[in-house]
Every structure is written in C-alpha cells, then in structure tokens.
Amino acid sequence: MDFKLTLKAARINRGLTIKDVAGCTGRCVDTISKYEVDSTCIPQDLMVELLNLYKVPFEFIFFGKQSEFHGLVGRKKESA
C-alpha cells in the first residue's frame, strides 16, 4: 500500500485541532504534538484512540518521524 498519511495530516483531514484531540484523548497538547512529529514510539493505547478518532485504518498511517515521511514523498516525486 503506497498511500500513507502522517498523524498530523489525518487530524487535519478530520477538521480537528491539537487542542480538540488533547481534550478527546485526555492527553496534553504537547503530547499530541510530540507524536505528530515522531510517532515511532507512540503508546499502543494512544495510537488506537487516534485511529478511531480520525477514522483511519492502521495501514493508512505512516508511523515514524515526520521528517522521514517528507523525505520519502520527495523521493517518490523525483522518480515519477
């Protein structure tokens, strides 16, 4: 599967702010922001909460550093 979203993109696509997500999950804004930048070590319970909140299947989410995701997208564009 080639199509992937970052957690930030999934949140934005649902029309939610970080503050909205923090309120829905009981986490602080800084925690949500941290995992949007690097979701490599996101706790499983939070991951499941976010996938349910964003209504996105696991296989559509890129888990890792946001900078690595943007590097992958840039390379795919260059090779196209």
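K55 lies in the loop between α4 and α5 (66-79), where helices (H or I, at least four residues) and strands (E, at least two) are DSSP runs numbered from the N terminus. At 60% relative accessibility, K55 counts as exposed; the term exposed means over 50% relative accessible area, buried means under 20%, and partly exposed lies in between (1.4 Å probe, protein chains only). The phi angle of K55 is near 55°, a positive value in a residue other than glycine. Most residues other than glycine have a negative phi.

The structure is a predicted model, in which local features need pLDDT of at least 70, side-chain atom pairs count only at pLDDT 80 or more, and totals for chains, interfaces and linings use all residues. Residues are numbered from 1 along each chain as its sequence is written, and side-chain values use heavy atoms, with hydrogens and water left out.

**Overall fold**

The protein contains five helices and zero strands, and its pattern along the sequence reads α-α-α-α-α. Of its 80 residues, 32% count as buried. The accessible surface, computed by the Shrake-Rupley method with a 1.4 Å probe, comes to about 5,200 Å², and carbon and sulfur atoms hold 57% of this surface. Contact means heavy atoms within 4.5 Å. Among contacts with a separation of 6 or more, 60% join residues 24 or more positions apart.

**The nonpolar core**

A nonpolar core is a set of buried Ala, Val, Leu, Ile, Met, Phe, Trp, Tyr and Cys residues joined through side-chain atoms within 4.5 Å. The largest such core has 17 residues, and those with the most contacts inside it are I42, L50, Y54 and I61. At least two residues of this core come from each of α1 (7-13), α2 (18-25), α3 (29-37) and α4 (44-54). Helix α4 supplies the largest share, five residues. Leaving aside neighbours within four places in sequence, I61 is in contact with K4, L5, T6, L7, A10, L51 and V56.

**Three buried helix residues**

The table sets out three residues by helix and relative accessibility.

| Residue | Helix | Relative accessibility |
|---|---|---|
| L46 | α4 | 1%, buried |
| E36 | α3 | 6%, buried |
| Y35 | α3 | 11%, buried |

Not counting residues up to four places away in sequence, L46 touches T25, R27, T31, I32 and Y35. L46 and R27 are 19 residues apart in sequence, and their C-alpha atoms are 8.9 Å apart in space. With the same exclusion of residues up to four places away, Y35 touches L7, C41, I42, P43 and L46. The C-alpha atoms of Y35 and M47, which are 12 residues apart along the chain, are separated by 9.4 Å. E36, leaving aside its neighbours within four places in sequence, is in contact with L7, K8, R11, I18, Y54 and Q66.

**The cavity**

On a 1 Å grid over the protein atoms alone, a cavity is a set of points where a 1.4 Å probe fits but cannot get out, and its lining residues have an atom within 4 Å of a point. Grid points are joined across faces, edges and corners, and a volume is the space filled by probe spheres set on the points. The count comes to one cavity of 30 Å³ or more, and the largest cavity holds about 30 Å³ of space. Its lining is formed by T6, L7, Y35, E36, S39, F62, G64, K65 and Q66. These lining residues divide into three nonpolar, four polar and two charged. In this division, Ala, Val, Leu, Ile, Met, Phe, Trp, Tyr, Cys and Pro count as nonpolar, Asp, Glu, Lys and Arg as charged, and the others, Gly among them, as polar.

Conventions:
On a 1 Å grid over the protein atoms alone, a cavity is a set of points where a 1.4 Å probe fits but cannot get out, and a pocket is an open set with protein on both sides within 12 Å along at least five of seven lines; lining residues have an atom within 4 Å of a point.
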